[in-house]
Each structure stands twice: as structure tokens, then as C-alpha cells.
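Here is a short tour of one protein chain. Please keep the sequence and the 3D view open while reading.

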Amino acid sequence: MDKKPEEDPYVRDPNKPWSLADFEIGRPLGKGKFGRVYLAREAKSHFVVALKVIFKEQIEKYKLHHQLRREMEIQTSLRHPNILRLYGWFDDDERIFLILEYAHGGELYGLLKENGHLTEQQAATYISSLSQALAYCHGKCVIHRDIKPENLLLDHESSNKRKTMCGTLDYLAPEMVENKDHDHAVDNWTLGILCYEFLYGNPPFEAESQKDTFKRIVKIDLSFPATPNVSAEAKNLISQLLVKDPSKRLSLTKIMQHPWIVKNADPKGVCLI
Ligand code: ADP
């Protein structure tokens, strides 16, 4: 049976690094921007992981060495039940292999698209778990900056975990749109956007063009549709997060104590970034 690596079995003797020969490769789990992700297991322990293959050529082409290295260093150093583990990595001439914790449930995005929107209980559980993971990250001076449904993975207990890189602009905080200095409060903003999208199925400032999305973000052009029927407490939490002044946004501690979270979040429902 699989061992749960509570105490870092993947920290290897630096003289004996991992190689592809240490793994049995299984089915593809998905396709990323720079390569594929496979289900795999370590040959000796049969410990199941997700092996992410990144082509060096792509990283060179887009000049992403520094970003990748930094993300790998950060992800290796974080230890939280709601944050996807990066156990280690190795490379060959053409590829970099990331040994990642396997998330059984796929992307939260899939669940959202399948059901249109989430229930208040599901949404509150995810927002609560994400707040806990972010409180841990902020405590280590790490800002996530890139929280969105595609970057949240679900594990078998319905959890969500994180991955990387850009794409949609719907999640950008006003200070980022306006190219001002930003701090950890950008993540609090994103929790507001995410909470809205969980409950309504679409992000709040969606528009035809990027320019219009930016305009709506900067104006905080926020409205709550009549359907689906969302509780006043949920709207209250969202309104306290989607606030222009970063210092006035609800803190992570206050999110976790918010009546809507307390009433709806399942304390057992782990959720990972
Ligand atoms: P990229 O960020 O380079 O675009 P991703 O990390 O998103 O690549 O991976 C691509 C796909 O592989 C995703 O659709 C995701 O569902 C799947 N995947 C990635 N990491 C894992 C993991 N740790 N466990 C399970 N599935 C994963």
C-alpha cells in the first residue's frame, strides 16, 4: 500500500538524485502548457505521485527559468495539508520532471463547469480551506497571486491544490490592473472573486474585452444577479473582499470567522491550492 510521506521520504541523498528509472509511468493525467502530467509510482515503495514533464526547450523559449526555479523552491518549502506538495525533481537533457503529490479529484474548474455553480456549503468549505492555506503562505511572506479554479485541484476528500502560470485576467486585483505596488491583500481580493464564481458560475467582472474587464475591476462594478439565489451573508463576505483599498479588505482571520463561513463550511472538508 501507499505510504503517506509525512516525514519527507522524498528528501534524497543529494549524491543519489532521482531519475526516470525510479518510476513506473501510468496514464496521462493532463496536458500542461509546457508538457504533460502522468500518474506514476515510485518503483520500490509503490508510492503514487503525479509526474509533471516540462520541456526545457519551452522554458528557454519563454525565458521562464527564473520563475520556474522560484516556484519550485517555494513549493518545495511549503508544508500544509491544503497545499500541493512538490516532493522533488530531476532532469535529463531535454526535460525537467517534477514529482508532485497526486490530486485524485482533478480540477475544481471541472466540478464548477459540470454543475454550473457550487452549493453554499461547498463554496464556504473551499473558501475556508483556501484562507487557511493562504494564512500559512502569508505567514511565510509568500503571496500566491494566481488563484483561480483551473489552479485548484481536488483530492479524494474534495480538496483543491495549486498549480501555476497566467491566462485569465478576471482575477486581477485593481492595484495589479493599475500597475501599482501590491502586497498579500491581492490574495484576499482573489478569494472574493473566487467566492463569487463558485456561487454564480462566472467571475463578477466578466466582459467582452480585456479592456472592459479592467474598467469594471477598477470601478468595482459589482452586481449580484437574482438567480441563482445566494444568501445575504455570502454577498456580505464577497462585498467585504472586493474592496478597492487593499488595507480595507477583510483579513484571512476575519474570513475564517465570518458568519457565512462558520455556518456553511465543513471543518472536515480539506481543500488545497
Ligand atoms: P500547466 O500549469 O503547465 O498548464 P498543469 O499543471 O495545469 O500544467 O497540468 C496539466 C493537467 O494535468 C491539469 O489539467 C491537471 O488536471 C493535471 N494535473 C496536474 N498536476 C496534477 C496533480 N498533481 N495531480 C493530478 N492531476 C494533475
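The report below goes from the whole chain to its sheet, its helices and a few single residues.

## The chain as a whole

This is a predicted model. The chain has 10 helices and 7 strands. Of its 273 residues, 46% are buried.

Contacts often reach far along the sequence. Take the contacts between residues at least 6 apart in sequence: 65% of them join residues at least 24 apart.

## The five-stranded sheet

An open sheet is built from 5 strands. Their order is β1-β2-β3-β5-β4, and the pairing is antiparallel. Which strands stand at the edges? They are β1 (23–31) and β4 (86–91). Each has a single partner strand, so one side of each is left without a neighbour in the sheet. From one strand to the next, the twist averages 30°.

Strands of a sheet pair through backbone hydrogen bonds, either parallel or antiparallel. The next two sections follow the pairs in this sheet.

## The β1 edge

At this edge, β1 and β2 run antiparallel and are joined by 6 bridges. One residue of the pairing is Phe23, whose bridge partner in β2 is Glu42.

The two strands form a hairpin with 4 residues between them. In the turn sits Gly35, with a positive phi of about 160°. Lys33 is found in the loop between β1 and β2 (36–42). Is Lys33 buried or exposed? Its relative accessibility is 53%, so Lys33 counts as exposed.

## β5 and its two partners

Strand β5 (residues 95–100) pairs with β3 (residues 48–55) through 6 bridges, and the two run antiparallel. Here Leu51 stands opposite Ile99 in β5. Ala50 stands opposite Leu100 in β5.

β4 is joined to β5 by 5 bridges, again antiparallel. In this pair, Trp89 stands opposite Leu98 of β5. A hairpin of 3 residues connects β4 to β5.

How many residues of β5 are buried? The count is 5 of 6, and the strand is mostly covered. Helix α2 (residues 65–77) lies across β3, β4 and β5. It runs at about 145° to β4.

## Annotated binding positions

An unreviewed UniProt entry gives the feature "binding site" at eight positions listed here: Lys33, Lys52, Lys56, Glu101, Tyr102, Ala103, Glu150 and Asn151. Lys33, already met in the β1–β2 loop, is on this list.

Ala103 is also listed. Its place is in the loop between β5 and β6 (106–107). With 11% relative accessibility, Ala103 counts as buried. Lys33, by contrast, counts as exposed.

## Helices α4 and α6

Helix α4 (residues 120–139) has 20 residues. Its first and last C-alpha atoms are 28 Å apart, close to the 28 Å expected at 1.5 Å a residue. Of the 20 residues, 14 are buried, so α4 is largely enclosed by the rest of the structure. Cys141 follows α4, with a positive phi near 60°.

Helix α6 (residues 185–200) has 16 residues. At 1.5 Å a residue, α6 should span 22 Å; its end C-alpha atoms are 23 Å apart, which agrees. How many residues of α6 are buried? The count is 16 of 16. Gly201 follows α6, and its phi is positive, near 95°.

## Two buried polar residues

Asp170 lies in the loop between β7 (153–154) and α5 (174–177). At 13% relative accessibility, Asp170 counts as buried. Which residues does Asp170 touch, not counting those up to four places away in sequence? They are Ile193, Pro203, Phe205, Glu206, Thr213 and Ile217. Asn202 is 32 residues from Asp170 along the chain, and their C-alpha atoms are separated by 9.7 Å.

Asn264 sits in helix α10 (residues 259–264). It is buried, with a relative accessible area of 10%. A polar atom of the Asn264 side chain lies 2.9 Å from the backbone oxygen of Trp260. Leaving aside neighbours within four places in sequence, Asn264 is in contact with Glu120, Gln121, Ala124 and Thr125.

Methods. Residues numbered from 1 in each chain as written. Predicted model: local features only at pLDDT ≥ 70, side-chain atom pairs only at ≥ 80, totals over all residues. Heavy atoms only, no water. Pairing = 2+ DSSP bridges. Axes fitted to C-alpha atoms, helices over the stretch in contact; angles between N-to-C directions. Contact = heavy atoms within 4.5 Å. UniProt positions renumbered as here; feature names shortened; annotations may be inferred. Buried < 20%, exposed > 50% of the residue type's maximum accessible area, 1.4 Å probe, protein only. Polar contact = N/O pair within 3.5 Å; in protein donor to acceptor, adjacent residues only side chain to side chain. Expected span 1.5 Å × (residues − 1).
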